[in-house]
Amino acid sequence: MRWFWFVFSLIILSPASPLKAQVIVIDTGHSLAHYGALSASGKTEFSFNQRLAKLIADNLTQAGHQVIRMGEDGKMDFLLNRVRHTDKANLFVSIHHDSIQQAWQDAGRQHEFSGYAVFVSTENPYYHDSLRCALAIGQALQAAGKLPSLYHATAIPGENRPLLDAQYGIHRYDNLAVLKKAQSPAILIEAGVIVNPIEERQLLKPQQVKLLAKTITNAIHNCLS
Ligand SMILES: [Zn+2]
């Protein structure tokens with residue numbers, strides 16, 4: 001019996017006790033056939049999403065978490081398949097890169113829009129946990145020198161996504177299908193605006209992608225700990 005308590009106390013009191021591994025779904029937004037936005041230089045949003053999602057997934061795996069990857073091969077064209085494993089997940093994170101309204105593009109306003117945005121749905125069954133992790137990601141991105149784009153809150157058709165937190169760029173998007181249907185806390189991240197040529201150049205730099213991935217990974221890790 002003493003042995004039991006000795007081993008028990010070693011496990012419980014050890015300062016270097018191993019982290020609690022979480023199950024995290026990392027979703028690569030869009031697909032090869034339906035590639036999302038086109039960047040200023042004509043690259044597909046999917047290619048940006050694929051690069052960043054892979055690094056985040058690799059980082060989380062290295063940190064000891066169980067990562068379920070969705071859409072990484074570009075062949076997932078049925079949207080709700082992306083959330084099919086969320087019943088056993090602690091968090092669903094969908095990775096995207098942003099465009100702007102066609103009218104703003106036509107008016108040559110691409111340079112006016114930059115930065116990240118994070119979305120959650122109040123219709124997700126774990127809305128409060130979703131918001132908590134979204135805030136952790138927004139805070140971490142700002143600490144890494146990134147700024148929120150905020151234009152999705154503009155009160156016009158096609159935008160109108162109210163800010164839940166203006167400082168950290170967290171928006172409410174109730175009907176976003178993957179966020180609403182996920183059976184775990186769920187977040188969608190627009191990592192940057194690829195129709196802005198200056199921001200696109202940044203988002204193509206391997207060091208910048210690494211920084212984004214590391215920042216998002218640490219925030220996920222911390223909000224689930
Ligand atoms: Zn997208």
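Start at Leu-52. Leaving aside its neighbours within four places in sequence, Leu-52 is in contact with Ile-95, Ala-191, Val-209, Leu-212 and Ala-213. The model is predicted, and this residue is a good way into it.

Leu-52 belongs to the largest nonpolar core, a set of 57 residues. It is among the residues with the most contacts inside that core, along with Ile-56, Val-93, Ile-137, Ile-187, Ile-189 and Ile-220. Which elements give two or more residues to this core? They are S1, H2, S3, strand S4 (117-120), helix H4 (127-143), helix H5 (177-181), S7 and H7.

Several of those strands belong to one sheet. The sheet is open and has seven strands, in the order S2-S1-S3-S7-S4-S6-S5. Its pairing is mixed. Strand S2 (66-70) and strand S5 (163-165) are the edge strands, and each pairs on one side only. On average, neighbouring strands of the sheet are turned by 30° against each other, direction ignored.

Look at the S5 edge. Strand S5 is joined to strand S6 (residues 170-172) by two bridges, and the two strands run antiparallel. Leu-163 stands opposite His-171 in S6.

Now turn to the helices on the sheet. Helix H2 (residues 45-62) packs on it and touches strand S1 (23-28), S2, strand S3 (91-98) and strand S7 (186-193). The direction of H2 makes about 145° with that of S3. Helix H7 (residues 206-224) lies across S1, S3 and S7. H7 runs at about 155° to S3.

Step back to the whole chain. The secondary structure comes to seven helices and seven strands. From the N terminus on, the elements run α-β-α-β-β-α-β-α-β-β-α-β-α-α. The radius of gyration is 19 Å, close to the 17 Å that the globule rule gives for 225 residues, so the chain is as compact as a globular protein of that length. Along its principal axes the C-alpha trace spans about 75 × 35 × 35 Å.

How much of the chain is buried? Of the 225 residues, 44% count as buried. Contacts also reach across the sequence. Among contacts with a separation of 6 or more, 76% join residues 24 or more positions apart.

Last comes confidence. The protein chain averages a pLDDT of 93, and 92% of the residues score at least 70. Residues 4-18 are another matter: over this stretch the pLDDT is below 50. Beyond near neighbours in sequence, the stretch has zero contacts in the model.

Conventions: Residues are numbered from 1 along each chain as its sequence is written. This is a predicted model: local features need pLDDT of at least 70, side-chain atom pairs count only at pLDDT 80 or more; totals for chains, interfaces and linings use all residues. Two strands pair if DSSP finds at least two bridges between them. Helices (H or I, at least four residues) and strands (E, at least two) are DSSP runs, numbered from the N terminus. Axes are lines fitted to C-alpha atoms, for helices over the stretch in contact, and angles run from 0 to 180 degrees between N-to-C directions. Two residues are in contact if their C-beta atoms, placed from the backbone, lie within 7 Å. pLDDT is the predictor's confidence in each residue, from 0 to 100. The radius of gyration is taken over C-alpha atoms; the globule rule is 2.2 Å times the number of residues to the power 0.38. A residue is buried if 20 or more other C-beta atoms lie within 10 Å of its own, exposed if 12 or fewer, and partly exposed in between; C-beta atoms are placed from the backbone. A nonpolar core is a set of buried Ala, Val, Leu, Ile, Met, Phe, Trp, Tyr and Cys residues joined through C-beta atoms within 7 Å.
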